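Work through the exercises below with the sequence and the structure open. Try each task before reading its solution.

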Amino acid sequence: METAQQRLAQLEQKLSYQPQSGLPTHFRLELELEEFVEKYARQQGGGSTATRPGFTVLILQLGPTFGMVRKTLRASISEWILYQTGCRIAAFLTDRDRVFHTREDEFVLLLPGKKGSSLKEFLQGLHTSLAVPHGFTGFSVSVPVTSGASYFPDHGLNRSELLHHADLAAGAAKDQRKPFVLFKQSIRDTAVERMELQNSILKAIEAPALHQLGEQFRLLYQPKLFVSSLDEGALQISRIEAEALMRWNHPTKGLISPTQFIPIAEESGLIEPLGKWLVYTCAGILEEWSNSGHGDIGLSVNLSPRQFRSSSILQTLETVLSSSETGLNRLTVELTETSLFEDIDSTTRILERFATLGLRISVDDFGSGYSSLSHLHRFPLDEIKVDRLFVEHIRSNKQDRVIVSSLVHMAKDLGFDLIAEGVEDADSLRILFDMGCRGFQGYLLSEALSEAEFLSFHDTIVANDMLIQLPLDSGELLS
Ligand code: C2E
Ligand code: CA
Ligand code: CA
């Protein structure tokens, strides 16, 4: 008969070792790290910080390839990779060092005395060894790793601080795509700032009714103009549209730019309710403009990569379509070039659904990615927006002119509208017009405006027989 004590010992044994790698687990790490802290704290008597003995806590994470292998290949393959990784790490350790297998894709190392150049040398060897592909019959798999570290006593005096700081450093390594990052205070500050922003997004959208989002989030409208002729500085406008650009009016931080909050909202999943709010608001605006006699103004919205691929945005669009009188054919969705080419087959399917709903589809920031132009014809596109980077130096950079000119021809061949983004001066507009470009957006014509300002901008052009006089400073049309 097993005694209670034997069962307890068995349980402890089970909790202590990872079956795949045979290495001690998180359970052991907690105990041993505590012992390390006590031992090194006792040795921390006099002397300068630099000479006092300490140790490094290193967190090593397997890259996303490992997750893919685990999901798609036989279990024995990921188990072998884990076992091999454990062995490769162990080969670099001295008797005093310790290694733990804490999560399926994570190892933690305790390295006494390794700091500065000795740590760097150790990491170079370790990363090189871990980068060697794992061979199987007929194929091999490489699993890149990233790591982050904290040092006792400099970065923490207790177990949880040291682990937390090493974890933040490992996260920073992943974000910055670096093989290794050592903890420093600024990493913690950035993490705190991100968490604060995330919490306030949560608070802002916790409100059950979507319309309450409008208390903190609002839209500005930047004119997108189509020009049919340019004659001695007079632009004949053939079509006026607007791009909706989101602003977050934070209760204490003031206006926050979408380049700051969209990535955070994406990471936390909060982008979904924001996307819903955006689509409902824009559908409402389109209806309002059409009912108030402003004619058929087209409106563009931006969808981030995650929004674009979420099924909830499709549902929202379908709901809006079935309840809207005007339909969605005056709504354009702008998707960045990089998000389109991430997964061509699923992109094609989603875009075809968008097209059957009557939406127009635009490729944003075109030229900033590395996609092949020859793939564009596979998608049901209506518009291409040339990235601001190519427009910025169009006057002085011949190569940019060659690129934009070939894009103009390609768009013509494929029947897409082409918009030049970020047009800031009249010379650039002329050069672009002479190349055959007919769509323009940028500070030269107008910055992003409130709804009332945009409507007044629109009405002024209409009242002026659709003519605008160049040169024009930003906002001049309104004054
Ligand atoms: P984008 O789609 O490329 O939007 C154009 C950005 O360029 C806007 O910045 C606009 O104010 C700015 N811009 C316009 N004309 C000029 C110009 O002549 N010169 C210069 N230097 N800049 C110009 P904004 O509003 O800060 O938006 C930044 C990005 O945030 C947008 O880039 C878009 O990717 C994203 N974004 C904005 N609103 C939303 C939204 O509702 N949803 C999502 N998912 N993303 C959004
Ligand atoms: Ca855009
Ligand atoms: Ca853009």
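**Two calcium ions**

The calcium ion (ligand 3) lies 4.0 Å from the calcium ion (ligand 2), and Asp364 coordinates both. The model is predicted, so local features need pLDDT of at least 70 and side-chain atom pairs pLDDT 80 or more, while totals for chains, interfaces and linings use all residues. Residues are numbered from 1 along each chain as its sequence is written, chains are lettered from A and ligands numbered from 1 in the order in which they are written, and side-chain values use heavy atoms, without hydrogens and water.

**Exercise 1.** Find the protein donors of the calcium ion (ligand 3) and state which parts of the chain they link.

*Solution.*
1. Donors are N, O and S atoms within 2.8 Å of the metal (3.2 Å for Na, K and Ca); water is not among the atoms, so sites may look incomplete.
2. Asp364 (OD), Asp365 (OD), Glu421 (OE) and Glu421 (OE) are the protein donors, at 2.2 to 2.6 Å from the ion.
3. Their spacing along the chain is D-D-x55-E.
4. Asp365 belongs to strand β13, and Glu421 to the loop between β15 (417-420) and α16 (426-435), so this pair ties together parts 56 residues apart in sequence. Helices (H or I, at least four residues) and strands (E, at least two) are DSSP runs, numbered from the N terminus.

**Exercise 2.** Do the same for the calcium ion (ligand 2).

*Solution.*
1. Glu243 (OE), Asn302 (OD1), Glu334 (OE) and Asp364 (OD) are its protein donors, at 2.1 to 2.3 Å.
2. The spacing along the chain reads E-x58-N-x31-E-x29-D.
3. Asn302 is in strand β11 (residues 298-302) and Glu334 in strand β12 (residues 331-336), so the pair ties together parts 32 residues apart in sequence.

**Exercise 3.** Describe the surroundings of ligand 1.

*Solution.*
1. Count the shell, taking residues with a heavy atom within 4 Å. Ligand 1 is surrounded by 22 residues, the closest being Arg247, Asp364, Arg388, Glu424 and Tyr443.
2. Sort the shell by class: 8 residues are nonpolar, 7 polar and 7 charged. Ala, Val, Leu, Ile, Met, Phe, Trp, Tyr, Cys and Pro count as nonpolar, Asp, Glu, Lys and Arg as charged, and the others, Gly among them, as polar.
3. List N or O side-chain atoms that lie close to an oxygen atom of ligand 1: one of Glu243 is at 3.1 Å, one of Asp364 at 2.9 Å, and one of Arg388 at 2.8 Å.
4. Name the elements that give two or more residues to the shell: β9 (234-250), α8 (258-268) and β13 (360-366). β9 gives the most, with 4 residues.

**Exercise 4.** Which peptide bond is cis, from Phe152 to which residue, and where is that residue found?

*Solution.*
1. The bond runs from Phe152 to Pro153, with omega near 10°.
2. Pro153 sits in the loop between β6 (145-152) and α6 (159-175).
3. For background, most peptide bonds are trans.

Note on methods: A polar contact is a pair of N or O atoms within 3.5 Å; within protein, one must be able to donate a hydrogen and the other to accept it, and residues adjacent in sequence count only if both atoms are side-chain atoms.
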